[in-house]
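Thank you all for coming. I would like to walk you through one model this morning, slowly, and I will explain the terms as they come up.

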There are 2 protein chains.
Amino acid sequence: MGGDNAPDMVIDGVEAAARQNPKLRFLLYGDETRLNDILQSRPAAMAASEVRHAPDVIGSGDKPAVALRAGRQSSMRLAINAVGDGEADAVVSAGNTGALMAMAKFVLKTLPGIDRPAIATYFPTMRRETVMLDLGANIECDADNLLQFAVMGEVFARNVLGCEHPRVGILNVGAEDMKGNQAVRGAAELLQQTNLPIRFHGFVEGDDIAKGTVDVIVTDGFTGNVALKTAEGMASMFGHFLRSALTSSVFGKLGALIARPALLQFKKKFDPRLYNGAMFVGLNGICVKSHGGTDGIGFANAIGVAVNLVRNNFNEGIKEDCAQLLEDRDNAQIGGDADDVEKPEAAAS
Amino acid sequence: MGGDNAPDMVIDGVEAAARQNPKLRFLLYGDETRLNDILQSRPAAMAASEVRHAPDVIGSGDKPAVALRAGRQSSMRLAINAVGDGEADAVVSAGNTGALMAMAKFVLKTLPGIDRPAIATYFPTMRRETVMLDLGANIECDADNLLQFAVMGEVFARNVLGCEHPRVGILNVGAEDMKGNQAVRGAAELLQQTNLPIRFHGFVEGDDIAKGTVDVIVTDGFTGNVALKTAEGMASMFGHFLRSALTSSVFGKLGALIARPALLQFKKKFDPRLYNGAMFVGLNGICVKSHGGTDGIGFANAIGVAVNLVRNNFNEGIKEDCAQLLEDRDNAQIGGDADDVEKPEAAAS
């Protein structure tokens with residue numbers, strides 16, 4: 001029921017996804033009457049879906065804490081419960097991001113070794129696709145949070161994007177070791193020391209995002225959110241000025257007409273619908289957030305993102321790496337304890 | 001002597017600036033022999049310049065503290081001294097940013113009411129030009145720092161960009177009041193309370209940068225640096241993919257040929273040389289940093305930025321607004337003291 005043109009847009013997405021992949025099965029939570037009505041004209045979606053009535057809806061302006069408390073019978077909550085109960089493999093929603101994260105955290109819990117879930121997405125670059133996280137779930141992060149994001153991003157790039165040895169970079173204001181704040185410098189140290197086979201590239205800067213310098217970009221949710229939205233804004237601006245340049249004169253129009261297939265290919269490369277679907281990573285269950293303003297094609301893509309996470313055992317990969325991470329931490333803890341024990345001895349001697 | 005192709009590139013810039021504006025006069029600091037040699041083939045620069053020998057050069061990898069201590073006879077330091085001594089109205093350098101900021105801060109000092117200088121630049125948006133600061137001088141900022149950046153950015157938009165009532169926004173991860181960290185929320189409160197006639201728009205997000213939602217974007221140096229470089233990277237990526245789309249087929253090439261004037265106009269809009277020149281604002285003297293990798297046209301633009309700051313009495317404008325800011329602070333201080341006085345009375349009663 002979430003999103004600008006829901007539930008029609010959502011069911012359009014289900015229709016497109018069901019046609020692309022006839023094995024998919026859907027549980028649709030929301031206003032039963034409306035959903036069944038819409039399904040009449042979406043045969044593939046109808047064949048693949050079971051409608052479950054949800055009396056409430058989370059509004060786009062509802063605060064996460066309120067949604068958590070008062071939204072127990074909302075379509076969003078019931079859909080998340082289906083994942084928590086093992087009835088569904090993943091939940092996809094175009095609704096309120098904060099409410100979705102709060103509920104998903106509450107119902108699904110975080111994976112062992114992950115302190116805080118993050119929001120991740122991948123996008124095209126000059127090399128290949130890059131995954132970036134966190135994009136807004138955690139405004140302030142410490143070195144451990146960033147390390148955990150690095151682990152999850154690396155698993156995603158390896159298991160889901162199929163990148164054999166993903167390179168991981170931390171977003172910073174310069175490449176040198178002494179640059180940046182405590183969190184990024186601390187995370188860099190942890191990544192240099194970890195026993196996990198992570199290919200740590202070091203620090204990267206804002207322009208490395210589009211360059212595709214690394215396969216995984218790790219950052220706090222404040223910086224990541226600003227960077228992603230800055231990039232999206234630039235994409236819109238370029239489209240706008242290119243269009244206006246090519247429609248401002250007869251020669252511009254004629255040239256654009258002749259180069260139309262090439263320009264359409266260019267446009268398609270940056271079609272935001274093809275990259276729709278932000279992943280909530282670090283949860284004990286797959287949860288994907290679609291942009292609220294997308295259409296059926298975009299929502300189908302978000303469903304595809306969820307399917308890819310399930311198929312490629314994304315969470316199993318994280319669990320394995322986190323087991324190593326927890327072992328590293330325990331060993332460091334034992335080392336730390338040993339130091340503590342030595343101090344009184346030294347004082348006594 | 002700073003920059004990738006210095007000093008040739010710098011003198012190319014002086015040549016271009018001197019031709020555009022025959023009233024400008026230059027003091028060129030560096031290796032006397034080399035500079036005089038290069039000037040032989042740049043008649044306008046030669047006529048407008050006086051060469052001053054500087055035995056040392058700050059390297060691009062030198063740490064700011066080292067440059068400050070050991071660089072007293074460097075071309076960079078002597079050029080800054082010329083502003084400090086009142087011999088020059090502004091200094092423009094394509095050298096090491098950190099060293100330039102450290103030396104400029106040491107020699108010129110900050111303006112009254114400004115705790116920390118910032119790096120600012122302006123760029124094209126979908127509306128008009130927007131100025132953004134800080135872009136990297138201050139990795140961590142508190143609410144007062146951000147307020148001071150807002151004041152300086154507002155003066156720039158008004159006095160230099162000619163925007164009558166500039167709208168000021170603080171970069172954040174959402175528009176709602178409760179979003180973001182303590183610094184941005186605190187700065188928003190200060191901007192709502194100030195007696196300065198600043199048109200405070202509220203929080204803006206990353207995509208508002210390209211949209212031109214506000215005329216002044218205030219942010220800490222970490223976020224600002226990442227956002228600016230992300231935008232630059234996106235611009236390169238778009239250029240790259242557009243070129244490759246238009247050269248990948250015969251029709252693409254033909255269309256591009258016919259639409260060439262329109263495409264060149266589009267390209268020019270985003271020519272980074274036309275926006276070269278980052279301003280160090282908040283110092284008691286004008287200091288502009290050119291990109292090290294630019295050419296003569298770009299360096300001439302950085303000179304133009306410095307000239308605009310001088311001509312439009314940028315620092316005088318800041319001083320006036322800061323006087324008000326300091327008065328606000330004093331009043332708040334008196335209010336605070338009054339509260340302190342009342343408390344013991346209440347305790348005694």
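What pLDDT does chain A average, and what share of the residues score at least 70? Chain A averages a pLDDT, which is the predictor's confidence in each residue on a scale from 0 to 100, of 92, and 95% of the residues score at least 70. This is a predicted model, in which local features need pLDDT of at least 70 and side-chain atom pairs count only at pLDDT 80 or more, while totals for chains, interfaces and linings use all residues. Residues are numbered from 1 along each chain as its sequence is written, and chains are lettered from A, with ligands numbered from 1, in the order in which they are written. The model scores ipTM 0.90 and pTM 0.91. Please be careful with residues 337-349 of chain A, where pLDDT stays under 50, and where the model has zero contacts beyond four places in sequence; two residues are in contact if their C-beta atoms, placed from the backbone, lie within 7 Å.

Let us turn to the overall form. Chain A has 14 helices and ten strands, where helices (H or I, at least four residues) and strands (E, at least two) are DSSP runs numbered from the N terminus. Of the 349 residues of chain A, 51% count as buried, meaning that 20 or more other C-beta atoms, placed from the backbone, lie within 10 Å of the residue's own.

Now to the two chains together. In this model, 51 residues of chain B are in contact with 51 residues of chain A. On the side of chain B that touches chain A, the elements giving two or more residues are helices H9 (206-211), H10 (221-246), H11 (250-258) and H12 (260-269) of chain B, and H10(B) gives the most, with 21 residues.

Finally, I would like to look at one helix of chain A. Which residues of helix H11 (residues 250-258) of chain A are buried? They are Gly252(A), Gly255(A), Ala256(A) and Ile258(A). These residues are on the same side of H11(A), because they cover an arc of only 160° around the axis, the arc being that of the directions from the helix axis to the C-beta atoms. What covers the buried residues of H11(A) includes helix H10 (221-246) and helix H12 (260-269) of chain A, together with H11 and H12 of chain B.

Notes: A residue is buried if 20 or more other C-beta atoms lie within 10 Å of its own, exposed if 12 or fewer, and partly exposed in between; C-beta atoms are placed from the backbone.
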